[in-house]
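Please report on how the aromatic rings and the nonpolar residues pack in this chain.

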Amino acid sequence: FFNYIEITKVSHYERYITIFVFIFVLSLSFVPSYLLGERVIDAALSDEEKQIFTWIQENTLENATILADVNEGHFVTGIAKRKNAFDSFFLLAPKPLQRFEDIRVMYLTWSEARALSLFREYGINYIYLSEQTKQRYNLNELRYVNNKNCFNKVQSNEKAELYSIVC
């Protein structure tokens, strides 16, 4: 490339061309990395969410199963050291499309009976509801947790809530 520049009329601009190419390549490397970094930080677990997972580890039975959104199931396994009902590896489980639909139903249904049926089917003992999950499913709260005979809010903070299923 530089040999070609030397035989052209712009050879006296070689230093400027080199600097321009260097800055251009650097910007093409830096901008995508910066944007990806911002997305990773936005998706990172907050201290409040981590507190709930720590509480789960310290205050639930070791064989408890936690319902968390597909994107947060790994936190249940990794931080809380409990079984999660779903994570991004659910595609390897039997009937993955049915499981995916069941997750959606568990978060969106207004029917307490339908939710409890699915909780029993998957052996779920706790429901983890984060702000991220609320945004994903366009929720303000779970519609069926107002029945205090079946659902107890055991942990809550600005970023997440945890309900136990007692019936």
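The report below covers aromatic pairs, one helix and the cores.

This is a predicted model, in which local features need pLDDT of at least 70, side-chain atom pairs count only at pLDDT 80 or more, and totals for chains, interfaces and linings use all residues. Residues are numbered from 1 along each chain as its sequence is written, and side-chain values use heavy atoms, with hydrogens and water left out.

**Aromatic pairs**

Rings of Phe, Tyr and Trp (its six-membered ring) pair if their centres lie within 6.5 Å; planes under 30 degrees apart count as stacked, over 60 as edge-to-face and the rest as tilted. The count is eight aromatic pairs. Two of them are tabulated here.

| Pair | Type | Centre to centre | Angle between planes |
|---|---|---|---|
| Y107 and Y137 | stacked | 5.1 Å | 20° |
| F119 and F151 | edge-to-face | 6.3 Å | 75° |

Both pairs link distant parts of the chain. Y107 sits in helix α5 (residues 96–108) and Y137 in helix α7 (residues 131–137), 30 residues apart. F119 belongs to helix α6 (residues 112–122) and F151 to strand β4 (residues 151–156), 32 residues apart. Helices (H or I, at least four residues) and strands (E, at least two) are DSSP runs, numbered from the N terminus.

Buried means under 20% relative accessible area, exposed over 50%, partly exposed in between (1.4 Å probe, protein chains only). Y107 is buried at 0%, and Y137 is buried at 12%. F119 is buried at 2%, and F151 at 0%. Elsewhere, F53, F75 and Y128 make up one aromatic cluster.

**Helix α6**

Which residues of α6 are buried? They are A115, L116, L118, F119 and Y122. Seen down the helix axis, these fall within an arc of 165°, so they line one face of α6. The arc is that of the directions from the helix axis to the C-beta atoms. On the other side, A113, R120 and E121 are exposed. The cover over the buried residues includes β1 (65–67), α5, β3 (126–130), β4 and β5 (160–165). Just after α6, G123 has a positive phi of about 65°.

**Cores**

A nonpolar core is a set of buried Ala, Val, Leu, Ile, Met, Phe, Trp, Tyr and Cys residues joined through side-chain atoms within 4.5 Å. The largest has 25 residues, of which L67, Y107, F119, I127, L142 and F151 touch the most other members. α5, α6, β3 and β5 each give two or more residues to this core. α6 gives the most, with five. Another core, of twelve residues, lies apart from it and includes F53, A68, A80 and Y126.

Conventions: Contact = heavy atoms within 4.5 Å.
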